[in-house]
Amino acid sequence: MKQPIVLAIESSCDETGVAIVQEGRLLSNAVSTQVAIHQKFGGVMPEMASRLHTENITMVLNEALENAKVKLEDIDVFAVTRGPGLIGALHVGLQAIKTLAAIYDKPLVPVHHLAAHIYANEFVKPLVFPLLAIVVSGGNTELVYMKEHLDFQIIGETRDDAVGECYDKVARVLGLPYPGGLPIDRLAQTGTPTYKLPHPLNDDSLDLSYSGLKTAIINLVHHTKQIGEEIHLANLCASFQQRAIGMILEKSQLALDRYPVQQVVLAGGVSANSLLRQQIKVMAETRGIDVIIPPMWACTDNAAMIALLGERLYHKGVVSDLSLGADPGWSIERITSFNS
């Protein structure tokens with residue numbers, strides 16, 4: 001029996017992605033990034049992101065079909081990122097996929113963006129349960145416990161800023177390019193953590209907080225400039241990264257103390273961070289727990305992960321009608337609830 005071919009669209013932020021999978025095998029993965037354009041503004045401009053998605057989506061769709069050597073008539077299932085993300089950007093992908101599903105009269109599968117980041121690890125090896133997913137990105141920071149497939153329990157989350165957002169804002173005040181994760185990471189590797197920074201939410205909860213750390217860096221930079229001193233950029237980056245990543249590691253350790261876990265997985269854009277990748281591996285292996293570190297291409301937003309999870313959801317009977325709407329605040333705990 002022929003396995004269904006799944007085509008997925010991702011447009012939650014500043015990457016336009018289209019991917020095609022069949023039976024877990026990636027046939028194509030086309031991405032058009034907007035990073036160079038948003039760099040001029042030091043962050044993503046939502047209205048511009050939506051307009052660029054509209055301009056790029058047909059080109060990316062054609063590229064994915066060509067690379068997979070299939071036609072739209074061959075597609076059996078259409079999947080799309082429904083949320084979370086920027087509302088206007090989500091709408092572009094959603095309207096495109098709904099149009100295709102209507103024209104070809106095929107099932108429509110809504111996919112949760114963060115859940116897909118977790119499932120991107122299956123491009124490396126199968127998920128093993130129960131597991132702890134450390135979800136770290138520009139818009140989200142969550143510790144997610146999974147007892148089985150498609151079962152998501154948020155056991156810890158940021159109470160304010162996400163870690164990736166904090167990196168971007170710190171990079172901006174330090175005069176570094178957007179997105180801030182890579183330049184800070186590179187400089188941190190050449191510096192020494194000599195600056196004393198606050199340790200927000202240093203308690204026995206599993207929640208995190210990044211607003212105070214961001215504000216402390218901004219105030220430190222402004223004060224140093226006012227008194228005519230120079231910032232040692234590499235050392236400040238090392239100090240910030242040690243604290244920002246250290247907080248994730250500490251809360252992850254607490255979670256592993258409290259929950260039975262067979263596997264730890266990283267997910268989201270900040271999972272590209274060199275210190276986090278190294279230390280999560282050490283933490284898990286020290287405890288005798290299996291670990292998956294996603295490949296670098298799967299850390300940034302892409303449609304391959306949407307297609308992979310979309311395929312699993314389709315086999316579970318999770319489909320929507322054409323009334324499906326975007327939900328920028330969609331909780332990962334409710335990934336099968338989308339028509340209410």
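**Close-up 1. Ala116 and the residues it touches, in a predicted model.** Ala116 sits in helix H4. Setting aside neighbours within four places in sequence, Ala116 is in contact with Val111, Met305, Ile306 and Leu309. Is this alanine buried or exposed? With a relative accessible area of 0%, Ala116 is buried. For a sense of distance, look across to Asn273: its C-alpha atom and that of Ala116 are separated by 19 Å, with the two residues 157 apart along the chain.

**Close-up 2. The largest pocket and what lines it.** The volume here comes to about 1200 Å³. A total of 39 residues line this pocket, and Ser137, Gly138, Gly139, Asp168 and Tyr178 lie nearest its centre. Which elements give two or more residues to the lining? They are helix H4 (113–119), helix H5 (163–173), helix H6 (181–188) and helix H10 (296–299). H5 gives the most, with six residues. Sorted by class, the lining of the largest pocket has 16 nonpolar, 15 polar and eight charged residues.

**Close-up 3. The sheet that runs S3-S2-S1-S4-S5.** This is an open sheet of five strands, and its pairing is mixed. Strand S3 (25–33) and strand S5 (108–112) are the edge strands; each has a single partner, so one side of each is left without a neighbour in the sheet. On average, and ignoring direction, neighbouring strands are turned by 20 degrees against each other. Strand S4 (residues 77–83) and S5 run parallel, joined by five bridges. Zoom in on Gly83 and you'll find its bridge partner in S5, His112. Helix H3 (residues 87–104) packs on this sheet, where it touches strand S1 (5–10), S4 and S5. The direction of H3 makes about 160 degrees with that of S4.

**Close-up 4. Asp105, between H3 and S5.** Follow the chain out of H3 and you reach Asp105, in the loop that leads to S5. Phi of Asp105 is near 50 degrees, a positive value in a residue other than glycine. Buried or exposed? Asp105 has 69% relative accessibility, so it counts as exposed.

**Close-up 5. The sheet that runs S8-S7-S6-S9-S10.** Five strands make up this open sheet, again with mixed pairing. Strand S8 (153–157) and strand S10 (290–292) stand at the edges. Each of these two has a single partner strand, so one side of each lacks a neighbour in the sheet. Neighbouring strands here are turned by 20 degrees against each other on average, direction ignored. Three bridges join strand S9 (residues 263–267) to S10, and the two run parallel. One place to look along this pair is Val265, which stands opposite Ile292 in S10.

**Close-up 6. Leu150, in the loop between S7 and S8.** The loop holding Leu150 links strand S7 (141–146) to S8. Leu150 isn't a glycine, yet its phi is positive, at about 65 degrees. Its relative accessibility is 19%, so Leu150 counts as buried, the cut-off being under 20%.

**Close-up 7. Two cis peptide bonds, each leading into a proline.** Phe129 and Pro130 are joined by a cis peptide bond with omega at about -5 degrees. Where does Pro130 sit? Its place is in the loop between H4 and strand S6 (131–136). The peptide bond from Tyr178 to Pro179 is cis too, with omega near -10 degrees. Pro179 belongs to the loop between H5 and H6. You've met Tyr178 already, since it is among the residues nearest the centre of the largest pocket.

**Close-up 8. Helix H6 and its packing partners.** The buried residues of H6 are Pro183, Ile184, Asp185 and Ala188. What do they pack against? Their partners are H5, helix H8 (233–258) and helix H9 (274–286). H6 also turns up in Close-up 2, as one of the elements giving two or more residues to the pocket lining.

**Close-up 9. Asn235 of helix H8 and its contacts.** Asn235 has its place in helix H8. Not counting residues up to four places away in sequence, Asn235 touches Gly191, Thr192, Pro193, Thr194 and Tyr195. At 12% relative accessibility, this asparagine counts as buried.

Conventions. Residues are numbered from 1 along each chain as its sequence is written. This is a predicted model: local features need pLDDT of at least 70, side-chain atom pairs count only at pLDDT 80 or more; totals for chains, interfaces and linings use all residues. Side-chain values use heavy atoms; hydrogens and water are left out. On a 1 Å grid over the protein atoms alone, a cavity is a set of points where a 1.4 Å probe fits but cannot get out, and a pocket is an open set with protein on both sides within 12 Å along at least five of seven lines; lining residues have an atom within 4 Å of a point. Grid points are joined across faces, edges and corners, and a volume is the space filled by probe spheres set on the points. Helices (H or I, at least four residues) and strands (E, at least two) are DSSP runs, numbered from the N terminus. Ala, Val, Leu, Ile, Met, Phe, Trp, Tyr, Cys and Pro count as nonpolar, Asp, Glu, Lys and Arg as charged, and the others, Gly among them, as polar. Two strands pair if DSSP finds at least two bridges between them. Axes are lines fitted to C-alpha atoms, for helices over the stretch in contact, and angles run from 0 to 180 degrees between N-to-C directions. Contact means heavy atoms within 4.5 Å. Buried means under 20% relative accessible area, exposed over 50%, partly exposed in between (1.4 Å probe, protein chains only).
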